[in-house]
Amino acid sequence: MRAPRVGFIGLGAMGMGMARNLHAAGWLSIVWNRTRERAVALAGELGVAVAHEPTALARAAECIVTSVSRDADLAAVVEALLPGLIPGTVVCDTSTVGADTARAWSRRLAERGAHFLDCPVSGGAEGARTGRLAMMVGGEAEVLEQVRGPLSAMAATIVHMGPSGSGQATKAVNQIMAAGIAEAVTEALAFGVLMGLPMDKVIEVVSQGAAANWFLSHRGRSMLEDLFVPGFKVSLHHKDLLICREMAAAAGGMGLPVVEMTLGDYGRLMDEGHGEEDISALIRIKRAPEGQLI
Ligand code: NAP
């Protein structure tokens with residue numbers, strides 16, 4: 001197969017960085033975004049084409065990368081691609097959705113002679129911008145090899161996890177861990193403030209010890225300054241944790257206390273109008289006097 005022309009759909013916090021890196025590596029030919037102005041602005045800057053609709057993008061690309069919010073949004077986009085899909089096309093979905101959703105799209109695209117890989121990513125908007133995401137891939141290994149070139153422009157680590165859906169199951173593992181880390185870091189930093197400690201120094205020294213982690217290094221200082229620009233929206237992580245809960249139930253069930261606690265806290269933030277803030281806004285709850293949210 002000759003080098004695939006790549007189309008990109010979904011120019012949000014993650015998609016913008018990924019599309020730019022695809023362009024920098026010479027892969028990107030065409031983009032589409034629901035809010036058209038974002039696509040027009042990026043295409044103008046990079047000198048690539050803008051599709052008027054997803055079908056047109058499907059007719060112009062053999063590798064299509066998607067980055068949209070939820071399962072229903074992915075369905076809307078892939079349904080719209082179907083009429084234009086070239087046989088042999090590989091759709092690489094980097095959104096976080098359910099493993100069942102990935103499996104269903106894989107079967108549906110196979111009926112059309114095309115392929116679907118679940119390619120969820122971790123590393124935040126920073127990882128998307130720098131091209132250093134970690135990507136966990138579900139689907140056929142040979143199909144992954146066909147698109148490894150473009151995927152490598154976005155991700156420094158690409159691991160084939162197994163059949164369709166196993167990329168999303170791995171991402172669910174990641175999201176449960178991220179929930180526990182967000183709960184722990186926000187609580188610990190709120191405690192440090194209560195102790196009257198010099199928090200810059202706290203972050204500096206703790207970041208070099210056994211409790212070091214990405215969230216502390218990348219969001220510690222900004223959350224202490226009340227800056228909650230996403231990053232990763234509370235409402236999106238809430239969506240991911242609902243997926244984790246459903247996946248556990250479908251597999252026979254297990255207690256997920258970290259997931260349940262974080263769902264409760266995110267629910268509270270969303271009720272108070274903070275759902276579009278970065279997940280570091282969790283510190284609002286931790287530092288609040290009991291019963292209040294500031
Ligand atoms: P975002 O900034 O909210 O962007 C969402 C993108 O999806 C936008 O381009 C939006 O288009 C598009 N979209 C949403 N619904 C759509 C629909 N029905 N039809 C067509 N396009 C639609 O979200 P993000 O942070 O980039 O996250 C994207 C995905 O990556 C999510 O599944 C998220 O869970 C996952 N993720 C996020 C991070 C992170 O740190 N942010 C990290 C790893 C994975 P408009 O411009 O028109 O709104």
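A cavity is a set of grid points, taken over the protein atoms alone, where a 1.4 Å probe fits but cannot get out, and its lining residues have an atom within 4 Å of such a point. The model discussed here is predicted.

**The cavity**

A search of the whole structure turns up one cavity of 30 Å³ or more. The largest cavity holds about 30 Å³ of space. Its lining is made of Thr96, Val97, Gln168, Lys171, Ala172, Asp240, Ile243, Cys244 and Met247. Helix 8 and helix 11 are the elements that give two or more residues to this lining. Helix 11 contributes the most, with four residues. Sorted by class, the cavity lining has five nonpolar, two polar and two charged residues.

**Helix 11**

Helix 11 covers residues 234–250, which is 17 residues. At 1.5 Å a residue it should span 24 Å, and its end C-alpha atoms are 24 Å apart, so the expected and modelled spans agree. The buried residues of helix 11 are Val234, Ser235, Leu236, His237, His238, Lys239, Asp240, Leu241, Ile243, Cys244 and Ala248. These buried residues pack against helix 4 (71–81), helix 8 (166–194) and helix 12 (257–271). In an α-helix there are 3.6 residues a turn, so residues three or four places apart point the same way.

His237 is one of the residues in helix 11. Its relative accessibility is 0%, and therefore His237 counts as buried. Leaving aside residues up to four places away in sequence, His237 touches Gln175, Ala178, Ala179, Phe232, Tyr266 and Ile279. Just after helix 11, Gly252 takes a positive phi of about 115°.

**The loop before helix 11**

Most residues other than glycine have a negative phi, and most peptide bonds are trans. The loop between helix 10 and helix 11 contains Asp226. Asp226 is not a glycine, yet has a positive phi of about 65°. With a relative accessibility of 43%, Asp226 counts as partly exposed. Gly231 is found in the loop between helix 10 and helix 11. The peptide bond from Pro230 to Gly231 is cis, with omega near 10°.

**The largest pocket**

The largest pocket has a volume of about 1300 Å³. It is lined by 49 residues, of which Ala13, Met14, Gly231, Phe232 and Leu236 are the closest to its centre. Gly231 therefore appears both at the cis peptide bond and among the residues closest to the pocket centre. Helix 1 (13–24), helix 4, strand 7 (121–122), helix 6 (124–130), helix 8, helix 10 (214–224) and helix 11 each supply at least two residues of the pocket lining. Helix 8 gives the most to this lining, with seven residues. By class, the lining of the largest pocket divides into 20 nonpolar, 18 polar and eleven charged residues.

**Strand 4 and its partners**

Strand 4 covers residues 63–66, and both of its faces are covered. Cys63 and Val65 on one side, and Ile64 and Thr66 on the other, are all buried. Strand 4 pairs in the parallel sense with strand 1 (residues 6–9) over four bridges. Within that pairing, Val65 of strand 4 is the bridge partner of Phe8. Strand 4 also pairs in the parallel sense with strand 5 (residues 90–93), over four bridges. Here Val91 of strand 5 is the bridge partner of Ile64.

**Exposed residues and distances**

Glu37 is found in helix 2 (residues 36–46). Its relative accessible area of 57% is over the 50% cut-off, so Glu37 is exposed. Ala24 has its place in helix 1. Ala24 is also exposed, with a relative accessible area of 64%. The table gives the C-alpha to C-alpha distance from each of these residues to a second residue.

| Pair | Separation in sequence | C-alpha to C-alpha distance |
|---|---|---|
| Glu37 and Thr66 | 29 residues | 18 Å |
| Ala24 and Ala153 | 129 residues | 8.1 Å |

Thr66, the partner of Glu37 in the table, is one of the buried residues of strand 4.

Technical notes: Residues numbered from 1 in each chain as written. Predicted model: local features only at pLDDT ≥ 70, side-chain atom pairs only at ≥ 80, totals over all residues. Heavy atoms only, no water. Expected span 1.5 Å × (residues − 1). Buried < 20%, exposed > 50% of the residue type's maximum accessible area, 1.4 Å probe, protein only. Contact = heavy atoms within 4.5 Å. 1 Å grid on protein atoms, 1.4 Å probe; cavity = no way out; pocket = protein on both sides within 12 Å on 5 of 7 lines; lining within 4 Å. Points joined across faces, edges and corners; volume = space filled by probe spheres on them. Nonpolar A, V, L, I, M, F, W, Y, C, P; charged D, E, K, R; others polar. Pairing = 2+ DSSP bridges.
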